[in-house]
Amino acid sequence: QVQLVESGGGLVQAGGSLRLSCAASGRILSNYAMGWYRQAPGKQRELVATITRSGSTDYADSVKGRFTISRDNAKNTMYLQMNSLQPEDTAVYYCDARLFGRDYWGQGTQVTVSS
């Protein structure tokens, strides 16, 4: 069992940057594969980025070259560095932890990018 809390969302102008954090408690984060998802109004939830227990990463094509996912196991925290933000990045961003096919979700944090 793990509990996840996202933070770092907010309002930013196009071209700006934000760093999202996902803090875990209850279990050691290093045991889990992790990911960031987002959901915009009128759209389905989509995968943004993933990171394995060993640190391998994968990104949606729409964010490659702009977003970076990372994890700090000593702090039990995962991050999403978002650069060159665009209005189409506006969404609620969710943290996900997965172990043996079971998913645990945070409450989400709102990211709004203005033009």
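Me: Which side chains along S1 are buried, and which are not?
Reply: They alternate: Leu4 and Glu6 point to one face and are buried, while Gln3, Val5 and Ser7 point to the other and are not. Buried means under 20% relative accessible area, exposed means over 50%, and partly exposed is in between (1.4 Å probe, protein chains only). Strands are DSSP runs of E with at least two residues, numbered from the N terminus.

Me: Anything to know about the model before I go on?
Reply: It's a predicted model, where local features need pLDDT of at least 70, side-chain atom pairs count only at pLDDT 80 or more, and totals for chains, interfaces and linings use all residues. Residues are numbered from 1 along each chain as its sequence is written, and side-chain values use heavy atoms, with hydrogens and water left out.

Me: OK, how many bridges join S1 to S3?
Reply: Five, and the two strands run antiparallel. Ser7 has Ser21 as its bridge partner in S3, and Val5 stands opposite Ala23.

Me: What's the strand order in that sheet?
Reply: S1-S3-S8-S7, an open sheet of four strands with antiparallel pairing. Two strands count as paired if DSSP finds at least two bridges between them. S1 and S7 (67-72) stand at the edges with a single partner strand each, so one side of each has no neighbour in the sheet.

Me: Changing topic: where is Gly9 found?
Reply: In the loop between S1 (3-7) and S2 (10-13). Gly9 counts as partly exposed, because its relative accessibility is 32%.

Me: And what is Gly9 in contact with, leaving aside its neighbours within four places in sequence?
Reply: Leu20, Thr109, Gln110 and Val111. Contact here means heavy atoms within 4.5 Å.

Me: Now salt bridges. How many does the structure hold?
Reply: Five. The criterion is a side-chain nitrogen of Lys or Arg within 4 Å of a carboxyl oxygen of Asp or Glu. One of them joins Arg38 and Glu46 at 2.7 Å, N to O. Arg38 is buried, with a relative accessible area of 5%, whereas Glu46 is partly exposed at 24%.

Me: What about Asp89, which residue does its side chain meet in a salt bridge?
Reply: Arg66, at 2.8 Å, N to O. That pair links distant parts of the chain, 23 residues apart: Asp89 is in the loop between S8 (77-82) and S9 (91-99), Arg66 in the loop between S6 (57-59) and S7. Both Asp89 and Arg66 are buried. Salt bridges that share partners join Arg38, Glu46, Arg66 and Asp89 into one network.
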